[in-house]
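I opened a fresh page for this one. Here is what I looked up, in the order I went.

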Amino acid sequence: QVQLVESGGGLVQPGGSLRLSCAASGRTFSNYPMGWFRQVPGKEREFVAAISMHGGATNYRDSVKGRFTISRDNVKNTVYLQMNSLKPEDTAMYYCNSVPSAYSPRALGSWGQGTQVTVSS
């Protein structure tokens, strides 16, 4: 059973930056592509970004391209989401999960507790 623990969220002003982390345990992390998702209350969870097993391929939703960067450290069993030029519409609870591939943004496992990102002045 894999466990995912997200962290790094917070309150930031528009235009600011945050770096989210997702620590995984319980299985061989490097065997799995990973993704970030986000959810606003009352709306469906949506795909944000994904990365292949060894980081060679990445994929982003259009609204975050050029602002967000996904990366991973397979030694630390951690996937990151660097978020720059944040906008109020990025406000959401952010989650990580394993995905079938960087280009198949479908979550496979159980969800962690998420980390809240609030972009507001």
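My notes cover the core, one sheet and a cavity.

Before starting, I noted that this is a predicted model, where local features need pLDDT of at least 70, side-chain atom pairs count only at pLDDT 80 or more, and totals for chains, interfaces and linings use all residues. Residues are numbered from 1 along each chain as its sequence is written, and side-chain values use heavy atoms, with hydrogens and water left out.

**Core.** I looked for the largest nonpolar core (buried Ala, Val, Leu, Ile, Met, Phe, Trp, Tyr and Cys residues joined through side-chain atoms within 4.5 Å; buried means under 20% relative accessible area with a 1.4 Å probe, protein chains only). I found 26 residues in it, and Trp-36, Val-79, Leu-81, Met-83 and Tyr-94 have the most contacts inside. Of the strands (DSSP runs of E, at least two residues, numbered from the N terminus), β3 gives the most to this core, with 4 residues. I then checked Met-83: leaving aside residues up to four places away in sequence, its contacts (heavy atoms within 4.5 Å) include Leu-18, Phe-68 and Val-117.

**Sheet.** I traced an open, antiparallel sheet of 4 strands in the order β1-β3-β8-β7. β1 (3-7) and β7 are at its edges with a single partner strand each, so one side of each has no neighbour in the sheet. Pairing here takes at least two DSSP bridges between two strands; β3 and β8 have 6, in the antiparallel sense. I also looked up Ser-21, and its bridge partner in β8 is Tyr-80.

How values were computed: Buried means under 20% relative accessible area, exposed over 50%, partly exposed in between (1.4 Å probe, protein chains only).
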